[in-house]
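Student: Could you take me on a close look at one part of this structure? I would like to start from a single residue and then follow the charged pairs.

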Amino acid sequence: MKTRFAVLGEIEACVDGRPVDLGHLRQRSVLAALLVDVDRTVPVDRLADRVWGDRPPQRWRPTLYSYLSRLRQALESAGDGGAGNDGAAIRREPGGYRLAAEASAVDLHRFRDLVARARDTAVDDAAAALLDRALRLWRGPAFGSLETPWFSELREALGHERFLVELDRNDLALRRGRHTEVLADLSAQIAAHPLDERLAGQLMLALHRSGRSAEALGHYQRTRRMLADELGIDPGPPLRQLHQRILTADASLAGPDRPSATPPAPAPPSPAPSSPVPRQLPASPALFTGRDEELEQLTKAVADGPDGAVAVSVICGPGGVGKSWLAAQWAGRNTHRFPDGQLYVDLHGFDPRTPPLPAHVALRGFLDALGIARDRVPTEVGAQSALYRSLLADRRMLIVLDDARDADQVRPLLPGSPSCAVLVTSRGRLTALVTAHGARPLRVDVLGASEAHALLVRRLGAERASAEPEAVAALVEHCGGLPLALGVVAARAVMHPDFRLAVLAEELVRAADRLSALDPGDLTLNVRAVFASSHRALTPSAGRLFSFLGLVRGPDIGLAAAASLAGLSPERARGLLAELETAHMLRQHRPGRYRMHDLIRLYAAELADGIPGHEAAPALDRLLDHYLHSAFAANRLLDGPYTPFRPEPAPPADGSRPVVPADTAAALQWFHDEHECLLAAQSQAAGLGRHRVVWQLAWTLISYHLRGHRLQEYVTVWEAGLAAAEHEDERPEARILAHWRLGFASARSGDHAQAEERLRLALDLAERAGDLAGQAHVHRTLGRVWEERGDNERALDHARHALRLYRKGDQPFWLANQLNAVGWMHARLGLYPQAQAHCEQALALFRANGLPDHGAPALDSLGYIAHHTGRHRAALDHYEQALAVFREVGDTANEADTLVNAGEAHRALRQYEDARRAWRRALEIYRSQNRAAEADRLHDRLRTLDTP
């Protein structure tokens, strides 16, 4: 069976000519993203970026996996289970997914193969036939109606590829004397590309050969005016020369009388240029370390450059990351590829001392290096650029454009000959070069720990580094892998050979002094000055947002939080964050989440210190209110409406933009994403004296923590919560809540004496306040404490006391919960009939009040009772129902406990493998949650589990 895929138009697949149902458009886009790199692994994050851009859904990973699964099934079904469909299948690989298929199965790759074969053949008729076959593969714009940044950029690039092929076919037709046949096509193409000089020349030649020379000359004049009006340039030398030859009725312009399949005679060799061969590259950096992958990518970009176009590589990254060093190193290693010379210019795009170099100044320097006398250099930039391109035509030269400010500074310096290659370095992404000129971006990040260590050791010397390994490790850590910072530290050490490295490391340990410690006294090598020059290049709005981000204490920040901090709409904030990302002042390390390098964060914090108080204080209020109200919304989805002591936060500050997760799964994911930020926000609120925010944030995390997520942070959060609650003189419920939760935490950690003390304080406060619900909650927890201490009778007393208090209120949720707790304690005492009655009442009450999902603990209790009364299969049925609920809501803590109980029932039924499977999963959860005591007990049980 033959599988064929199509992306040059709407996305399609077929097996033996029968179409495959690929599902909706977004699902098809996943297939297209794999087909572009057919038979190569595409990382999951890169797939998501291609499919959604910067607007992925909240739970994009499960959604992506669902699309991949459906596509895999569709291909397998179409190919009879994948057994005979020539191996085309989606495969999971380490780090991503691969569509395993031959490149020839995809129309895009067949198109490129046909074009390459056409350009390799010397027989015009054969070449034309191949190009015709290639162009017939197009059924419309590539990827149909898909609209994400990646697909849109690639569609534009592929459209340009198609256009170049059409131009090649036009040339072949003109060479074969078919000028009348292509006139109509040329006219239509001119309407779409009125400024393309190559196309204009083809139309002029076809008109001239068709006896319409006046029209050809008229078209030249129209093209010249448009180029001047639109781009401020004159036509290039080839078009001007063609115009002159038509004017003089040059006989050599006449085409052949009839098509010929004979290859043209080779042109005589061009005379060797008399101009000098420039060798302008700076010296390669000494002691260059690492970057092997980046060097390989640059080599590949030059070797596999686009057909008929200049190979342009844009090396981008933050200031001080080593972009210029990388460019100089690659250029120095590859001079043999460019025997006609190498040009270099420092464009000073982000130089702290010098303004950006104008393009015409750089051009004059290049023309001078190419042997053009000053009096022969045109005055207009367009004319200079045209002369420059003419001089480089057919030469094999390397042009290095270092420290470019933007694409406009670079464009006039790009050659037109595909025999040349260009390396551009910039702190910006220069997306316009990627889009319009097919440039290949290469993002340079900080060095990894091992490469950073190797670089520092090479500069310090192995003997000195080995004498103080801990100091070297500290220097590496506090430089954050930034080569400039590592170089400054190494230089200071070399300049002071009698200094111990530990002294230098100590200076970097103090965050407040770190940027000053990285100042060697030279602005170009000063880390702070490098960051400052990048900051000055930002628009005022982006610069302001960057300064405000210095107020943030969390490890990263989400889009909505950043918008709240700056008091902006999410759309406006997204645009400014994109500008900061383009300038490499931060990085979008996950869709919608942004992170700064540690040293850049320190610089942002310095700027934040200069924000006036009347602006900084409201910004922090907006940020803290974003976290508080978003956490309340997420917690409400985890808890439902049934939770004790639900405090009501004050309305959010104007401009704060809380988020509301769509469902329980989204709420859990939000807590996963924001947990570190919530802890930082709680600490920051405490420092600002916003005590209510502190203990209310602690409250929002109860359900998340007790479901087994980041449980080790529970005590820390509530210690801060209690300290804040002590300031709430008019809110006794805050102190009750804090003592109660700390008592619960102490019980979970095994400190029962501390737990009882905290709970007694909470109970005393609740009794003095006349808070019956609070008393009930504390008695409930005291029952758990005594159960864990092994005193089940005393535990049952507290459970019954809590039940009596709950019966006085109107809270069916808590009444049902406590009925289950009383039933459980009866079961622990072996009083199974009473236990059964209470637990069944609890389950019935949950269901009667529309709360079946909250009845999982009662199902677990009923399973325990059934198991201990010999009804093991009934026990397993109850356990499976409970496990389904715990898994659905992400309650891994209770899931693990129920798995242990289910394992006991399996063992009783001699289902040893099932028991082992349940206990191993429970053991994984216990270990992931640092529940060492439970893990140790379960590990011992696993060791004693016998198989039949």
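Tutor: Happily! Let us begin with Gln-682, which sits in helix α29, a helix that spans residues 664-687. Keep in mind as we go that this is a predicted model. Gln-682 has a relative accessible area of 7%, so it counts as buried, the cut-off being under 20%. Leaving aside residues up to four places away in sequence, Gln-682 touches Val-694, Leu-697, Ala-698, Val-717, Ala-720 and Gly-721.

Now stay with helix α29 and turn to charge. Side chains of opposite charge can pair when their charged atoms come close. One such pair is Arg-593 with Glu-674, whose side chains meet in a salt bridge at 2.8 Å from N to O. This pair links distant parts of the chain: Arg-593 belongs to strand β14 (residues 593-595), Glu-674 lies in helix α29, and 81 residues separate them. How accessible are the two partners? Arg-593 is buried, because its relative accessibility is 5% and buried means under 20%. Glu-674 is buried as well, with a relative accessible area of 4%.

Just past helix α29 there is another pair to look at. Asp-625 forms a salt bridge with Arg-690, and their closest N and O atoms are 3.0 Å apart. Here too distant parts of the chain are linked, since Asp-625 is in helix α28 (residues 613-639) while Arg-690 is in the loop between α29 and α30 (691-700), 65 residues away. Asp-625 is buried at 6% relative accessibility, whereas Arg-690, at 23%, counts as partly exposed.

For a view from another part of the chain, try Arg-198 and Asp-171. They form a salt bridge in which the closest N and O atoms are 2.8 Å apart. Arg-198 is in helix α8 (residues 197-209) and Asp-171 is in helix α6 (residues 149-175), so the bridge links distant parts of the chain, 27 residues apart. Both ends are partly exposed: Arg-198 has a relative accessibility of 34%, and Asp-171 has one of 25%. These two residues also belong to a network of salt bridges that links Arg-119, Asp-168, Asp-171 and Arg-198.

To set these pairs in context, the structure holds 46 salt bridges. If you return to helix α29 in your viewer, you can find Gln-682 there, together with Glu-674 and its bridge partner Arg-593 in strand β14.

Notes. Residues numbered from 1 in each chain as written. Predicted model: local features only at pLDDT ≥ 70, side-chain atom pairs only at ≥ 80, totals over all residues. Heavy atoms only, no water. Helix = DSSP H or I, 4+ residues; strand = E, 2+ residues; numbered from the N terminus. Buried < 20%, exposed > 50% of the residue type's maximum accessible area, 1.4 Å probe, protein only. Contact = heavy atoms within 4.5 Å. Salt bridge = Lys/Arg side-chain N within 4 Å of Asp/Glu carboxyl O.
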